[in-house]
Amino acid sequence: MAPATPGPCRPGARIVAPSPLDPGASNDPHGIHRTLREEFPLTYDPLLRAWVLSRYADVATALTDTRFTHGHRPGDPPCARAHVDVDVEALRSVAERTAYVLARRVAERPQADLVADFCHWLPAGTVAAAVGVPYRDMMRLVRGRAAGALAGECGAQIAVREKALASFLANVLVDPDQVAALRDAPAGLVGRAWTESLRRDPPVQVAMRRTGAEVPVSGGVIPAGASVALLVGSAGRDPERFREPERFDPLRDDPGQLTYGSGFCPAVVLAGLEAEYALRALFVAMPRLRLADGFRPVPTGVITRAPRSLIVRPSG
């Protein structure tokens, strides 16, 4: 099957689809995503060696439709069925305890990088505490045996949770109004802010799948047995699904995210608990926490994406 072509020609329309791997995509993929959604909803990308889907409706379908195979997403039904006898309250306790320990350490510094000093340690630390790995050994063990003991296939989600947490804290701290709204917010509002961050800045930007049959989508039909790249980052900013998709708005009335499925999974539970207790611990330990003067977080990455640093002044 030949690669899909764009819709009716109009002045300024591109003839060749851009690639999510084009130079500069790591720093600013959103213009590429916009062009793909509007003009090339289905196209074959020779760099990815896959068909590319960029619209929310198509990506959401591909993440759940059984005609798309060979994928794993925490919280999807096969994942949910794999986890039994997980004590959520125990996970809550270790997430809270670890967040407060780390926040107090950051609070002692005149300036800190929350990515390196907090986000990098919290997901690993909660898993370590949950499986009884001593703190001094957690980075040596937690990414292998310990993580697998808790989360099975989702053990690798530690790195994803680090990036998701970094983007979440960046989205909150960059806006003083969000800091004020979430400083003492109930868990429900923090949860909505977490979901909104996963929508706007998902840690995994591209998910790969394979078709088990022909599948009609926007712009054409994907052949059976084809590799498919799902642009999760593009789907989360699709204006056909979300009003003002570029804006971070925890109170939006059209929420949604595609990073996680809706079923139970320890990795998904821990991610949400880490986001909640990260905010609570940081604001308790550092009531005047703010971004360092002149610093603005810059997300980077193509397949996964998050700020590499988050420089803050703990004492204001």
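**Exercise 1. Confidence.** Determine the mean pLDDT of the protein and locate stretches where the pLDDT is below 50.

*Solution.* The model is predicted, and its mean pLDDT is 88. A pLDDT of 70 or more is reached by 85% of the residues. Over residues 1-9 the pLDDT is below 50, although this stretch has 14 contacts beyond near neighbours in sequence. Residues 141-147 also have a pLDDT below 50, with 17 contacts beyond near neighbours in sequence. Where pLDDT is low, predicted coordinates should not be read in detail.

**Exercise 2. Environment of helix H1.** Establish why helix H1 is described as largely enclosed by the rest of the structure, and identify what covers its buried residues.

*Solution.* Step one is to delimit the helix: H1 comprises residues 30-39. Step two is to list its buried residues, which are His-30, Ile-32, His-33, Thr-35, Leu-36, Arg-37 and Glu-39. Step three is the count: seven of the 10 residues are buried, so H1 is largely enclosed by the rest of the structure. Step four concerns the cover, which includes strands S1 (42-45), S2 (50-53) and S8 (227-231) as well as helix H11 (232-235).

**Exercise 3. Aromatic pairs.** Classify the pairs Tyr-56 with Phe-242 and Phe-168 with Trp-194, and place their residues along the chain.

*Solution.* The model holds three aromatic pairs. In one of them, the ring centres of Tyr-56 and Phe-242 are 5.5 Å apart and the planes stand at 90 degrees, an edge-to-face arrangement. Tyr-56 belongs to helix H2 (residues 56-64), while Phe-242 lies in the loop between H11 and helix H12 (266-285); 186 residues separate them. Relative accessibility is 15% for Tyr-56, which therefore counts as buried, and 1% for Phe-242, which also counts as buried.

For Phe-168 and Trp-194 the centre separation is 5.6 Å and the angle between the planes is 90 degrees, so this pair is edge-to-face. Phe-168 is part of helix H8 (residues 157-173) and Trp-194 of helix H10 (residues 187-200), 26 residues apart. Both residues are buried.

**Exercise 4. Charges over rings.** Identify the arginine over the face of Phe-242 and the one over the face of Tyr-56.

*Solution.* Arg-199 lies over the face of Phe-242, 5.1 Å from the ring centre. Arg-241 takes the corresponding position over Tyr-56, at 5.0 Å from that ring centre.

**Exercise 5. Nonpolar cores.** Describe the largest nonpolar core and the second, separate core.

*Solution.* The largest core has 56 residues; those touching the most other members are Leu-114, Phe-118, Phe-168, Leu-169, Leu-173 and Leu-310. Elements giving two or more residues to this core include helix H4 (88-107), helix H5 (114-119), H8 and strand S12 (311-313). Its largest share, 12 residues, comes from H12. With neighbours within four places in sequence set aside, the contacts of Leu-169 are Leu-114, Phe-118, Cys-119, Ala-278, Leu-279, Leu-282 and Leu-310. The second core is separate and has 20 residues, among them Trp-51, Tyr-56, Ala-207 and Phe-242.

**Exercise 6. Sheet topology.** Derive the strand order of the five-stranded sheet, name its edge strands and characterise the pairing of S3 with S5.

*Solution.* The sheet is open, with mixed pairing and the order S1-S2-S8-S5-S3. Its edge strands are S1 and S3 (68-69), each pairing on one side only. S3 and S5 (residues 206-211) pair in the antiparallel sense over two bridges. Thr-69 stands opposite Arg-210 in S5.

Conventions: Residues are numbered from 1 along each chain as its sequence is written. This is a predicted model: local features need pLDDT of at least 70, side-chain atom pairs count only at pLDDT 80 or more; totals for chains, interfaces and linings use all residues. Side-chain values use heavy atoms; hydrogens and water are left out. pLDDT is the predictor's confidence in each residue, from 0 to 100. Contact means heavy atoms within 4.5 Å. Buried means under 20% relative accessible area, exposed over 50%, partly exposed in between (1.4 Å probe, protein chains only). Helices (H or I, at least four residues) and strands (E, at least two) are DSSP runs, numbered from the N terminus. Rings of Phe, Tyr and Trp (its six-membered ring) pair if their centres lie within 6.5 Å; planes under 30 degrees apart count as stacked, over 60 as edge-to-face and the rest as tilted. A charge sits over a ring if NZ of Lys or CZ of Arg is within 6 Å of the ring centre and within 35 degrees of the ring normal. A nonpolar core is a set of buried Ala, Val, Leu, Ile, Met, Phe, Trp, Tyr and Cys residues joined through side-chain atoms within 4.5 Å. Two strands pair if DSSP finds at least two bridges between them.
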